[in-house]
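These are my notes from a first pass through the structure. I went element by element and wrote down what I looked up.

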Amino acid sequence: MTFKIQSEPIDPRALEARLRDDRAGACVTFEGWVRDHNEGEAVTALEYEAHEPIAVAEGEKILAEARERFDVLAIHAEHRVGALAIGDCAVWVGVSAAHRGAAFDACRWVIDEIKARVPIWKKEHYAGGDSGWVNCATRAPAHRSGQAAATGA
Amino acid sequence: MMEVTARYFAAFREQAGKEIERVKTGARTAGELYSELAARHGFADARARCKVAINDELRDWDAELADGDTVLFFPPVAGG
């Protein structure tokens, strides 16, 4: 059970081999790929940045929590950092379990938690030449950010 | 007043124009320090969507600061 920040290309077939277990009747894997568009903009490339010590610690915590929540045998996850091209695998999650229900549920839960909790940031490069950090506000709101937070903006 | 080290990541680093700085502050908590630095550098993200770490450990915004701490400011995450 490990979570890894990966600067080299992810090899799904090699990672799948880590999940092998004679007690396993199910293997569910998720691959997140770089797509060529986001929110109406044509995307040409992506960059991922992580704070590795905390990303690994938080990722390992997520995998440990998944083992407590779901009846699984093996879990492994990796997330890329660096420059990625369209179609590259950015994130990989794999789970093996005796039965498919736990494998599907754990895999879905782990990828959702990674997206919400692990300190990884994504910068998109657009066809027009602009770039932007996904999820981040680039301009201060009209009012001070504290007031914006209070109103749920 | 105490002195802490602030480190910025991703969008925060670009908005601040630097990765790291020494800050003399009267802020008692990580949240107070964020408000101070957000005003200085124009960080636009609501604190509730961001995360903070002190000395490489994720903490709540009301965590108290100590002289010499390194405080890491994480803008909204976007893995996957």
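**Entry 1: a strand pair and a hairpin in chain A.** I started with strand β4 (residues 41-50) of chain A, which is joined to strand β8 (residues 120-126) of chain A by seven bridges. The two strands run antiparallel. I picked out one position: Leu46(A) has Glu124(A) in β8(A) as its bridge partner. I keep in mind throughout that this is a predicted model.

Next I followed β8(A) to strand β9 (residues 131-133) of chain A; this pairing is also in the antiparallel sense, over three bridges. Here I noted that His125(A) has Ser131(A) in β9(A) as its bridge partner. Four residues lie between β8(A) and β9(A), and the two strands form a hairpin. In the turn I found Gly129(A) with a positive phi of about 105°.

**Entry 2: the four-stranded sheet of chain A.** In what order do the strands of the open sheet of four strands in chain A stand? I read the order as β1-β5-β7-β2 (chain A), and the pairing is mixed. The edges are β1 (2-6) and β2 (26-33) of chain A, each of which pairs on one side only. Ignoring direction, neighbouring strands of this sheet are turned by 10° against each other on average.

I then looked at β1(A) and strand β5 (residues 74-80) of chain A, which run parallel and are joined by five bridges. Lys4(A) has its bridge partner in β5(A), namely Glu78(A).

Two helices pack on this sheet. I noted that α2(A) touches β1 and β5 of chain A, and that its direction makes about 150° with that of β1(A). I noted that α3(A) touches β2, β5 and β7 (89-97) of chain A, and that its direction makes about 150° with that of β7(A).

**Entry 3: the two helices against each other.** I looked up how helix α2 (residues 52-69) of chain A meets helix α3 (residues 100-117) of chain A. Their axes are 10 Å apart and they pack at an angle of about 150°. Angles over 145 degrees count as roughly antiparallel, so that is how α2(A) and α3(A) lie to each other. The crossing of α2(A) past α3(A) is right-handed.

Which residues of the two helices make the contact? From α2(A) I listed Glu58(A), Gly59(A), Ile62(A), Leu63(A), Ala66(A) and Arg69(A). From α3(A) I listed Ala106(A), Trp109(A), Val110(A), Glu113(A), Ile114(A) and Arg117(A). By class, the residues of this contact are seven nonpolar, one polar and four charged.

**Entry 4: one residue, Glu16(A).** I chose Glu16(A), which lies in helix α1 (residues 12-17) of chain A. Why does Glu16(A) count as partly exposed? A residue is buried with 20 or more C-beta neighbours within 10 Å and exposed with 12 or fewer; Glu16(A) has 15 inside 10 Å, so it counts as partly exposed.

Leaving out residues up to four places away in sequence, I found that Glu16(A) touches Cys27(A), Thr29(A) and Gly94(A). I also checked Glu16(A) against Ala55(A): they are 39 residues apart in sequence, and their C-alpha atoms are 22 Å apart in space.

**Entry 5: the sheet of chain B.** I turned to chain B and found an open sheet of five strands, with mixed pairing and the order β2-β1-β5-β3-β4 (chain B). β2 and β4 (57-59) of chain B stand at the edges with a single partner strand each, so each has one side without a neighbour in the sheet. The twist from one strand to the next averages 35°.

At one edge, strand β1 (residues 2-8) of chain B pairs with β2(B) over six bridges, in the antiparallel sense. Opposite Lys24(B) in β2(B) I found Glu3(B). Strand β2 (residues 20-25) of chain B is hardly covered, as the count of buried residues among its six residues is zero.

At the other edge, β3(B) and β4(B) pair over three bridges, again in the antiparallel sense. Leu58(B) in β4(B) has Ala53(B) opposite.

**Entry 6: where the chains meet.** How many residues does the contact take from each chain? I noted 30 residues from chain A and 23 residues from chain B. On the side of chain B that touches chain A, at least two residues each come from α1 (10-16), α2 (30-41), β3 (51-54) and β5 (70-74) of chain B. That side of chain B has 15 nonpolar, four polar and four charged residues.

How values were computed
Residues are numbered from 1 along each chain as its sequence is written. Chains are lettered from A and ligands numbered from 1 in the order in which they are written. This is a predicted model: local features need pLDDT of at least 70, side-chain atom pairs count only at pLDDT 80 or more; totals for chains, interfaces and linings use all residues. Two residues are in contact if their C-beta atoms, placed from the backbone, lie within 7 Å. Ala, Val, Leu, Ile, Met, Phe, Trp, Tyr, Cys and Pro count as nonpolar, Asp, Glu, Lys and Arg as charged, and the others, Gly among them, as polar. Axes are lines fitted to C-alpha atoms, for helices over the stretch in contact, and angles run from 0 to 180 degrees between N-to-C directions. Angles under 35 degrees count as roughly parallel, over 145 as roughly antiparallel, 65 to 115 as roughly perpendicular and the rest as oblique. A crossing is left-handed if the near helix is turned anticlockwise from the far one by less than a right angle, and right-handed if clockwise. Two strands pair if DSSP finds at least two bridges between them.
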